[in-house]
Amino acid sequence: FQRRLPLSGSRIMLATQQLRLRNLIQITAGRVRCQAGSQIYFTLHLSSMAAPFYTSEKITLDSGQEIARWEDIRSATIPKSAARCVCVRIWEHTKDAADCIIVFWGVYFSGLVQIGDTNTVHENTLIFRMHGGCFTAAENVIECVDRKNVNDLSNDVFKYRYLCRKLPPSDVSCSYNIFKLLQLQQKQRQLKNRRENSKEVVDRISVKSPACLNLSLIANSALFQAPPRTGMGRQLTRLLNQQPERPAPEVILRAQKLRQSIEVAKFRVRLLAAERDRARTHVRQLEGELGRVCDTNIETESWLMSMYRKLSRERDTFLQLKVACAAHNDTYDTARTQLTKRRQHLLRELSDIYDVRQHDGGFYTINGISLPDSESFTDTIPALSVSVALGYAAHAVQMCSVILNIPLRNSIKLDGSRTRIVDSIKVLADTDRIFPLYCRIMPPPDVTQYAVFLLNQNIAQLQFQLGITKRDLRTTLANLMQLTKNATLDVYSGKHSLELPTQSHSNYGSSVEINVPISRNFSSNNDVPKGHRISRSMDNYRDENVFRDFKNHFISDPVLYKK
């Protein structure tokens, strides 16, 4: 229901039009004087001593604002109220003090005048917005000096009411005619007569209803009282006396209570019957569920029996496989033992081929050729014998790797006295990974010493795989002799020879990790031109000039150089 109506400037107010509280839509206050920063709100009362039946929201007036506007009045009692007057109180709310009244008006709506401009009012003036326009008191308008000469004003501040006004037929809408009013009055009379006729039926129902039955109602009701008998002659009196008398009110009350008990019992019987039917339906559902569960149990039992038979067959098969596996394990142990013995035999034969011996001076020879430790190279040893001994040692290490099926950390490229070794671990260019295991002058250059260091790493790797504790990485022939002659393979532990990896030879992976910085940024100002790769051949480079900077990277390594 939209209470606000569009305000039209051409609307005409008649003097017979009545204003009530239900017509009130909004209240505004013009030029209210209050403290700065305070909030104001209003309350509506039916009288000056009555409690408020509506309280508006609190608003704060901005600087320079002359009209205080609250929201439309939303109350469930106002649209139905026919009150002709109301009391309005405007309160000032501050945080530090109690609320105080700044404006109090007692208003009869019939005494208000309609205005067109809401700004032409005095201070603390209330403006009531109702159906038809805005209304206020006449003496609170600025142009109105005295209420007696209000009718003498010739301006348009007020909206006057008219007793009679002639208007064009197009501006006037038709109302009810006489015939429609007569039909409406007739309908109202019919409703009134029907309400009076139904009152007697309501009394009978209330009397005979068990919930409303009581002795006081029966005693006072005219339905249970005998009509007064007047003198009608003896014959009529005798006939009237022969009619059965009406029962006493107590009997009727007991009968109604008994009927009430019977109805309650019938209701209980119906409830119990419904509960019985529900229980029977539930029992039938449970019986059906029981039958389905029994069928499921039978199927499950059959499946369990079939699975039990299958398990028995699988168990027998497993026992047979277990016996076969035990036979295979015996065969495997025999083959493993034979393989271990064969490896030991091959290592002994390898030691016979590459005979490594220790002499009285503490030096070692391989096939009669002396090879000092990696830090004991001197000018007295021929460079060619060192190259041959390194080729023998590299070939022996390669054969040990093949016999033991262990991939070397650094792969070896066999070429007799010009054998080379590849460093596949360090981050280097592909062309700079190959190092020569030979030299042409003594002491050998740094690249040859680094190649010997890589060969010693391979020997240490094989010793670690066989469980041999290495003492010194620099003694090449001593470690090789310990690997070929003194190594003992455990036949039953399977720790080294029986669980060796079966993959093919690889250039990667080792159990020995020795971090040695490498730099292949060689420089030579005399023999090697710029932009050309250094050759690894013994015939086309000079050791003392080409690898001058290479030694600076290994001078701090404790394995290669000792201060």
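**Salt bridges, helix packing and local geometry**

R276 is partly exposed, with a relative accessible area of 43%; this class lies between buried (under 20% relative accessible area) and exposed (over 50%), judged with a 1.4 Å probe and protein chains only. The structure is a predicted model, in which local features need pLDDT of at least 70 and side-chain atom pairs count only at pLDDT 80 or more, while totals for chains, interfaces and linings use all residues. Residues are numbered from 1 along each chain as its sequence is written, and side-chain values use heavy atoms, with hydrogens and water left out.

R276 takes part in a salt bridge with D277, for which the N to O distance is 3.6 Å. A salt bridge is here a side-chain nitrogen of Lys or Arg within 4 Å of a carboxyl oxygen of Asp or Glu. Side chains of opposite charge can pair when their charged atoms come close. The partner residue, D277, is partly exposed as well, at a relative accessible area of 38%. A second salt bridge joins E275 and R278, whose closest N and O atoms are 2.4 Å apart. These two residues lie three positions apart in helix α4 (residues 249-353), and therefore about one helical turn separates E275 from R278. Helices are DSSP runs of H or I with at least four residues, strands are runs of E with at least two, and both are numbered from the N terminus. E275 has a relative accessibility of 40% and so counts as partly exposed; R278, at 48%, is also placed in the partly exposed class. A further salt bridge is formed by the side chains of D355 and R357, with an N to O distance of 2.5 Å. Over the whole structure, the search finds six salt bridges.

The packing of helices was examined next. Helix α5 (residues 383-404) packs against α6 at an angle of about 30 degrees, and the two axes are 10 Å apart. That angle makes α5 roughly parallel to α6, a term that applies to angles under 35 degrees (over 145 is roughly antiparallel, 65 to 115 roughly perpendicular, and the rest oblique). Axes are lines fitted to C-alpha atoms, for helices over the stretch in contact, and angles run from 0 to 180 degrees between N-to-C directions. The crossing of α5 and α6 is left-handed, which means that the near helix is turned anticlockwise from the far one by less than a right angle. Helix α6 (residues 446-465) also meets helix α7 (residues 476-484): their axes come within 10 Å and cross at roughly 25 degrees. With that angle, α6 is roughly parallel to α7. The handedness of the crossing between α6 and α7 is left-handed.

Helix α5 also contains G391, a residue that counts as buried because its relative accessibility is 7%. The C-alpha atoms of G391 and S417 are separated by 5.0 Å, although these positions lie 26 residues apart in the numbering along the chain. Another contact of this kind links R31 and E66, which are 35 residues apart in sequence and 4.7 Å apart in space, C-alpha to C-alpha. R31 belongs to the loop between β2 (24-30) and β3 (39-45) and, at 29% relative accessibility, is classed as partly exposed.

Several loops hold backbone features of note. Most residues other than glycine have a negative phi, and most peptide bonds are trans. N124, however, has a positive phi near 55 degrees. This asparagine, N124, occupies the loop between β9 (113-115) and β10 (125-130), and a relative accessibility of 17% makes N124 buried. N367 likewise has a positive phi, of about 55 degrees, without being a glycine. The loop between β15 (364-366) and β16 (369-370) contains N367, which counts as partly exposed at 34% relative accessibility. A cis peptide bond, with omega of about -5 degrees, connects M442 to P443. P443 is located in the loop between β19 (434-436) and α6.

On the surface, Y176, L181 and L184 form a nonpolar patch with about 330 Å² of accessible area together. L184 lies in helix α1 (residues 178-208), and its relative accessibility of 44% places L184 in the partly exposed class. Patches consist of residues with over 30% relative accessible area and no salt bridge, with nonpolar side chains (Val, Leu, Ile, Met, Phe, Trp, Tyr) joined within 5 Å and like charges within 9 Å. Accessible areas come from the Shrake-Rupley method with a 1.4 Å probe, and for residues only the protein chains shown count as cover.
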